[in-house]
Amino acid sequence: FMITHKELIIESTLQLLKGSGGDTFSVSQVAAAAAIEPVELERYFAGKAALLSAAATWFLETQCSCYNRCQLQRSGYLQQDLRLWLIELLQYRESDGCAAVFKALWATALHNQDLHLLLDQYYRQLQQIINSKLQLTAPENCPLSRIESAGCSLLSFFEGYGLMHGALCI
């Protein structure tokens, strides 16, 4: 399939964020990485904030889509089912190099309210995905509040692992 200029720009933005984080990220670097002129990039994105917002939106939607595809199988053995599901989630996250992008997004979100709201929305959506998967394996008559509590704990663990994995594993 043919990649559009806009997709190439977003992909180049994410690659720069993965490589060097948000501190040294610039529109001219993205244009160079995408092998286009800065004026052409400006036709698609009004500036650094718009570019970062578009890249974050695409990245976070892709993350949720992938997590949603991770299936939790019901074998009748709850611990085994959860273990295999968590391994699948963690392997995806680890292999994609997401930690650097998330660190850059959070660092930028400290002074960019729109990006902060995007990340908040992503975590709410991810929690809904986790809760819906947990409901599949929950024992009969398990209160929804317990499932939601477990989902919050898993989300914290999962995101912490994703952000810290690179620092903890050499």
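Among contacts in this chain between residues at least 6 apart in sequence, 65% join residues at least 24 apart, where contact means heavy atoms within 4.5 Å. The model is a predicted one, so local features need pLDDT of at least 70 and side-chain atom pairs count only at pLDDT 80 or more, while totals for chains, interfaces and linings use all residues. Numbering runs from 1 along each chain as its sequence is written, and side-chain values use heavy atoms, with hydrogens and water left out.

**Overall layout**

The chain has eight helices and zero strands, and its pattern along the sequence reads α-α-α-α-α-α-α-α. These elements are DSSP runs numbered from the N terminus (helices: H or I, at least four residues; strands: E, at least two). Of the 170 residues, 39% count as buried. Here buried is under 20% relative accessible area, exposed is over 50%, and partly exposed is in between, using a 1.4 Å probe and protein chains only.

**The core**

The largest nonpolar core holds 44 residues, and Leu41 and Leu105 have the most contacts inside it. Such a core is a set of buried Ala, Val, Leu, Ile, Met, Phe, Trp, Tyr and Cys residues joined through side-chain atoms within 4.5 Å. The elements giving two or more residues to this core are α1, α2 (27–33), α4 (48–69), α5 (78–95), α6, α7 (113–137) and α8 (144–168). The top contributor is α7, with nine residues. As for Leu41, not counting residues up to four places away in sequence, this residue touches Ile9, Val27, Val30, Ala31, Ile36 and Leu51.

**Where α1 meets α6**

Leu105, the other core residue singled out above, is also part of a helix pairing. The axes of α1 (residues 5–20) and α6 (residues 98–109) come within 7 Å and cross at roughly 95°. Axes here are lines fitted to C-alpha atoms, for helices over the stretch in contact, with angles running from 0 to 180 degrees between N-to-C directions. The two helices are therefore roughly perpendicular, a label that covers 65 to 115 degrees (under 35 is roughly parallel, over 145 roughly antiparallel, the rest oblique). Leu14, Leu17 and Lys18 make the contact from α1, and Ala100, Val101, Ala104 and Leu105 from α6. Those residues split into six nonpolar, no polar and one charged. For that count, Ala, Val, Leu, Ile, Met, Phe, Trp, Tyr, Cys and Pro are nonpolar, Asp, Glu, Lys and Arg are charged, and the others, Gly among them, are polar.

α6 itself has twelve residues and reaches 16 Å from first C-alpha to last, close to the expected 16 Å; the expected span is 1.5 Å times one less than the number of residues. Its buried residues are Cys98, Ala99, Val101, Phe102, Ala104, Leu105, Thr108 and Ala109.

**Three residues up close**

Here are three residues with side chains outside the nonpolar class. The contacts leave aside neighbours within four places in sequence.

| Residue | Place | Relative accessibility | Contacts |
|---|---|---|---|
| Ser12 | helix α1 | 6%, buried | Val30, Ala33, Ala34 |
| Gln73 | loop between α4 and α5 | 53%, exposed | Asp81, Thr137 |
| Asp81 | helix α5 | 6%, buried | Leu72, Gln73, Arg74, Ser75, Gly76, Thr137 |

Gln73 and Asp81 are in contact, and Thr137 appears in the contacts of Asp81 too. The C-alpha atoms of Gln73 and Lys133 are separated by 9.3 Å, although the two are 60 residues apart along the chain.
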